[in-house]
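Could you walk me through this structure while I have it open in the viewer? I would like to know what to select at each stop and what is there.

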Amino acid sequence: MWKVALGTNDLVQRPIEGYFDGGEEELMTNTIAESSAKQQSLVERLLEMCGGSYSPETRRKYYISGPQWAAAYQGQALFHAPTRTAVSPAEVMRHYAEIGIGFWTTHDTDVIRTEDLMTDRQTEIVAGLNKSLSENGLKCSMVTCETFFNEVWSAGPAAESPEVRSYGTERLKNVVRIGHDLGAKFAVYWPGTLGYLMQGVIDETQTLRWFAEALNATCEEDISYAKRRNEPTLKHCLEAKPFEPQAEILLPTTDAMIGFISSGLLTHPEMVGVNPEYLHELMWGGAPRASLARAILAGKLWHFDVNDGYRLKHDVDLPVALVNPLDWLNVLMLLRAHGFEGPFNFDYKPPRTTSNWGVFKVSFPTAVDRFIVFWEMAGEALADPVIHEATEALKAGGGAGRSNDARSIFEANKELLTLHELISHRLVQILIGSHKGRKFFGTH
Ligand code: GLO
Ligand code: MG
Ligand code: MG
């Protein structure tokens, strides 16, 4: 998917064959270069006009991770050709370091070709990655296994064929070892192909048992590899998505994942938590904040994929808070109130209209800065005197005393309940800055 490599020239509009001679073609390429430079300085000037940005040092204070696959995403999709060229891991790391994104995450196959996995070549590549990480002052926080793109997963990672399943298990175990070798603390699994296109073909209960067996073997591998290295085991996090790429998914929501963890099928449920993704919860029509709350109560919220998009639509993976800013404020209030401070994994796709240059100049810095602004704003909202007093008053109740009379209880609370709308109004005020005196002028 992210591997389609294009030569730079493919992205430059080519003149119609035979229309220009060579000299004119060169002229045209120069003209394009000149106008690209002008366009970049326009983008830079307008970005400047958007106000200041946080310094890399400030950005690094947050537990924000940048995925290899997000930065290297070339803009392609089912009906979309790529619009950007490939970006190597070393280059991604260099840009993240410059921006102030302190952590890097990767799939096994983002950095190692499938045929090189579990070979000496893997060892060399991992050594090279460690070198680039330390040269850039970055840490790898999470590794994840690609079990959705390669043709071997056409019937899923827990397919009927024992060869597919044992290959799947080896791949998961290998990711755990790569994780330790890169210094990661988390492993994430998004079993996007654990499902089907046509109903009635597989026995779902059997498939889930097989999936659990693979995870059990992975945890065992972690325990012994960690012991050998005298390190703690990784935190293994399951990520759900309700559809795409399969039509039907066996574990479509974070709640389903939490149920699976406590189903009795896992031999080490204490090693397994969840990595909810904001948009994945919206995709099934849920409230991400409520999904996160349930994960917090289950003690399983260990990792969080940050992005944005629309309800009941496909996985557009837009940059954080560009679609649902108020909901993002609310989500971060919940997380701050319950002490969740990351990792926040920026699992989004820079829009395909953004250029290679724009990915690191505009997309990542603005996404990180928006996130920080929302995080700080969430802290402000939690400490806001209006919200605080209103919330406390609601919790104290109207003082009807003990009574079995529904009517009188309602009457005693009804003026207080107006505070729900007032709190909601206050949150919007905080979002748009009108609590600090922001007003609209010119309309009377
Ligand atoms: C796709 C998922 C994907 C996962 C990644 C980590 O929709 O969000 O990006 O987060 O594979 O497991
Ligand atoms: Mg994700
Ligand atoms: Mg997604």
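## A salt-bridge network to start

Select Asp108, Glu146 and Arg171 first: salt bridges link these three residues in a network. Keep in mind along the way that this is a predicted model.

## More salt bridges

The whole structure holds 24 salt bridges, so there is plenty to look at. Go next to Arg59 and Asp369, which form a salt bridge with their closest N and O atoms 2.8 Å apart. Arg59 sits in helix 2 (residues 56-60) and Asp369 in helix 13 (residues 356-383), so this pair ties together parts that are 310 residues apart in sequence. Are the two partners buried or exposed? Both Arg59 and Asp369 are buried.

For another setting, pick Arg113 and Glu115, whose side chains meet in a salt bridge at 3.6 Å, N to O. Arg113 counts as partly exposed at 48% relative accessibility, while Glu115, at 54%, counts as exposed.

## Along helix 4

Now select residues 89-99, which make up helix 4. Glu98 and Arg94 form a salt bridge here, with the closest N and O atoms 3.5 Å apart. The two residues are four apart in helix 4, so about one helical turn separates them. Arg94 is partly exposed, with a relative accessibility of 38%. Which residues of helix 4 are buried? They are Pro89, Val92, Met93, His95, Tyr96, Ala97 and Ile99. Step past the end of the helix and you reach Gly100, which has a positive phi near 110°.

## Across the sheet

Switch to a cartoon view and look for the open sheet of eight strands, paired in parallel in the order 8-6-4-3-2-1-10-9. Strand 8 (272-274) and strand 9 (304-305) stand at its edges with a single partner strand each, so one side of each has no neighbour in the sheet.

Zoom in on strand 4 (residues 186-189), which is covered on both faces. Phe186 and Val188 are buried on one side, and Ala187 and Tyr189 are buried on the other. In a regular strand, side chains alternate between the two faces of the sheet.

From strand 4 you can move either way:

- Strand 3 (residues 139-144) pairs with strand 4 in the parallel sense over three bridges, and Thr144 stands opposite Val188.
- Strand 6 (residues 235-238) runs parallel to strand 4 and is joined to it by four bridges; Lys235 is the bridge partner of Phe186.

Add helix 7 (residues 162-182) to the selection: with strand 3 and strand 4, helix 7 makes a right-handed β-α-β unit. Then continue from strand 6 to strand 8, a parallel pairing over three bridges, where Leu238 has Val274 as its bridge partner.

## The magnesium site

Select the magnesium ion (ligand 3) and its protein donors, which lie 2.0 to 2.5 Å away. Which residues supply them? Glu277 gives an OE atom, His280 its NE2, Asp315 is listed twice with OD, and Asp317 gives OD. The donor residues follow the spacing E-x2-H-x34-D-x1-D in sequence. Both Asp315 and Asp317 are buried. Bring in the magnesium ion (ligand 2) as well: Glu277 bridges the two ions, which are 4.6 Å apart.

## Last stop: a nonpolar patch

Finish on the surface with Leu42, Leu46 and Met49, a nonpolar patch with about 300 Å² of accessible area together. Leu46 belongs to helix 1 (residues 22-49) and is partly exposed, with a relative accessible area of 41%.

Key: Residues numbered from 1 in each chain as written. Chains lettered and ligands numbered in written order. Predicted model: local features only at pLDDT ≥ 70, side-chain atom pairs only at ≥ 80, totals over all residues. Heavy atoms only, no water. Patch = residues over 30% accessible without salt bridge, like charges linked within 9 Å, V, L, I, M, F, W, Y side chains within 5 Å. Areas by Shrake-Rupley, 256 points an atom, 1.4 Å probe, with all protein chains shown as cover. Salt bridge = Lys/Arg side-chain N within 4 Å of Asp/Glu carboxyl O. Buried < 20%, exposed > 50% of the residue type's maximum accessible area, 1.4 Å probe, protein only. Donors = N, O, S within 2.8 Å, 3.2 Å for Na, K, Ca; no water. Pairing = 2+ DSSP bridges. Right-handed = clockwise from strand over helix to strand, strands pointing away.
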